[in-house]
Amino acid sequence: MRAAVLHEIGQDKLEIFDDVEATGFGPGRVRIRVRATGLCHSDLSAMAGVLPQPAPFIPGHEGAGEVLEVGEGVTNVKAGDRVVVCWLPACGACPACKRGQTELCLAGFMNAGTPNFKRPGGDVFGFAGTGTFTEEVVVDAGCAVPIPDDVPFDIAALIGCGVTTGLGAALNTADVEAGSSVAVIGCGGVGVSAIQGARLRGAAEIVAVDPVLSRREAALRFGATRAVSPDELPDAKQSVTAGEGFDYVFEVVGRSATARTAYENTRRGGTLVVVGAGAMDDFLQLNMFELFFDEKRILPSMYGGGDVLRSYERTIALWRAGRIDLEGLITHRVPLADINEALDQMRTGVSLRTCIEI
């Protein structure tokens with residue numbers, strides 16, 4: 001079968017092969033025919049070595065498709081079911097799951113260290129234990145989440161990561177208060193989803209911050225009340241908050257420099273939500289006096305900071321009701337053969353989400 005493979009960490013291009021085999025099918029496992037997958041910035045981060053991932057590997061973790069077959073003991077799905085791929089399934093038994101913090105379950109991360117593909121030259125890993133830039137993937141049953149028949153595969157794919165992460169950051173982690181002021185730094189697919197979440201919560205002012213004009217224009221369509229470049233953020237802070245700072249600032253880039261900017265633009269007693277996934281050697285510096293004196297809450301948001309399955313259901317309900325726009329997030333579509341074109345679209349910032357049709 002066909003798949004897009006990265007040979008070595010640090011390479012910026014993927015190579016398409018047709019001799020890849022999905023492995024590991026058996027009890028408790030599900031084979032999925034991938035129909036659509038989104039390109040998430042985390043895929044680029046893994047390719048660059050920012051996020052830890054063994055190589056060679058197949059990127060992609062934001063996918064949807066249909067079940068081809070299920071292994072012994074699988075009861076949550078059956079052959080023919082439409083599913084979204086969940087890259088961080090909850091085991092239900094660990095301390096985090098028992099506390100109700102299923103997004104912190106580490107069971108899914110354990111899969112990332114086990115190859116789930118192979119080629120004639122040897123084993124191939126799937127990013128985050130999945131790897132959806134391929135025609136078929138074998139995953140644990142918990143990674144295959146059934147979806148209603150009226151949810152298109154491309155929409156379902158977005159729900160698998162970016163939309164759930166951004167919406168959840170606003171709805172779960174921050175619990176944005178009606179009438180509040182919000183700034184979102186980084187307005188790709190995840191940032192725009194955070195903007196939609198803040199709008200749902202009734203935020204009075206939502207300032208989108210991004211260096212790319214097309215993304216700023218898109219943010220306005222999704223609910224931002226104004227959109228500015230990073231250089232214009234100080235003026236927006238002064239205009240919207242009289243210089244005090246925003247009630248909530250979402251950092252959706254994953255860099256210490258933008259996190260520091262986010263901190264400085266959060267009002268005293270306000271909330272900084274860290275959504276972007278950054279590198280282990282990129283350190284955010286805060287002094288002990290400002291931590292004490294400013295009393296700003298710093299809230300990391302892992303995969304939307306809530307129960308993933310409940311978040312999927314909520315997102316579908318909001319989409320059906322017309323309360324959020326998911327179709328508009330897909331700005332580009334490419335076949336798997338043109339995956340490197342999709343990578344360029346994300347690197348240059350011209351896309352919110354590119355859908356890879358498989």
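Which residues in helix 5 meet which residues in helix 11? I took this question to the structure, noting beforehand that the model is predicted.

**Entry: two helices.** I located helix 5 at residues 162-174 and helix 11 at residues 308-320. On the side of helix 5, I listed V163, T164, L167, G168, L171 and N172. Their partners in helix 11 are S311, Y312, R314 and T315. I then sorted the residues of this contact by character and recorded 4 nonpolar, 5 polar and 1 charged.

**Entry: crossing angle.** I looked up how the two helices are placed. The axes of helix 5 and helix 11 come within 10 Å and cross at roughly 95 degrees. Helix 5 is therefore roughly perpendicular to helix 11.

**Entry: cysteines.** How many disulfides does a search of the whole structure find? I recorded 0. I next asked why C40 forms no such bond. The cysteine sulfur closest to that of C40 belongs to C161, and at 4.1 Å it is too far for a bond, because a disulfide requires the sulfur atoms to be within 2.5 Å. For C187, the closest cysteine sulfur is in C40, at 15 Å, which is also too far for a bond.

**Entry: burial of two cysteines.** Is C40 buried or exposed? I noted a relative accessibility of 5%, so C40 counts as buried. C187 has a relative accessible area of 0% and is buried.

**Entry: annotated domain.** I consulted UniProt, where an unreviewed entry places the feature "domain: Enoyl reductase (ER)" at residues 10-352. I found that this span is 31% helix and 24% strand. Its end C-alpha atoms lie 23 Å apart.

How values were computed: Residues are numbered from 1 along each chain as its sequence is written. This is a predicted model: local features need pLDDT of at least 70, side-chain atom pairs count only at pLDDT 80 or more; totals for chains, interfaces and linings use all residues. Side-chain values use heavy atoms; hydrogens and water are left out. UniProt positions are given in the numbering used here, feature names are shortened, and annotations may be inferred rather than shown by experiment. Helices (H or I, at least four residues) and strands (E, at least two) are DSSP runs, numbered from the N terminus. Buried means under 20% relative accessible area, exposed over 50%, partly exposed in between (1.4 Å probe, protein chains only). Axes are lines fitted to C-alpha atoms, for helices over the stretch in contact, and angles run from 0 to 180 degrees between N-to-C directions. Angles under 35 degrees count as roughly parallel, over 145 as roughly antiparallel, 65 to 115 as roughly perpendicular and the rest as oblique. Contact means heavy atoms within 4.5 Å. Ala, Val, Leu, Ile, Met, Phe, Trp, Tyr, Cys and Pro count as nonpolar, Asp, Glu, Lys and Arg as charged, and the others, Gly among them, as polar.
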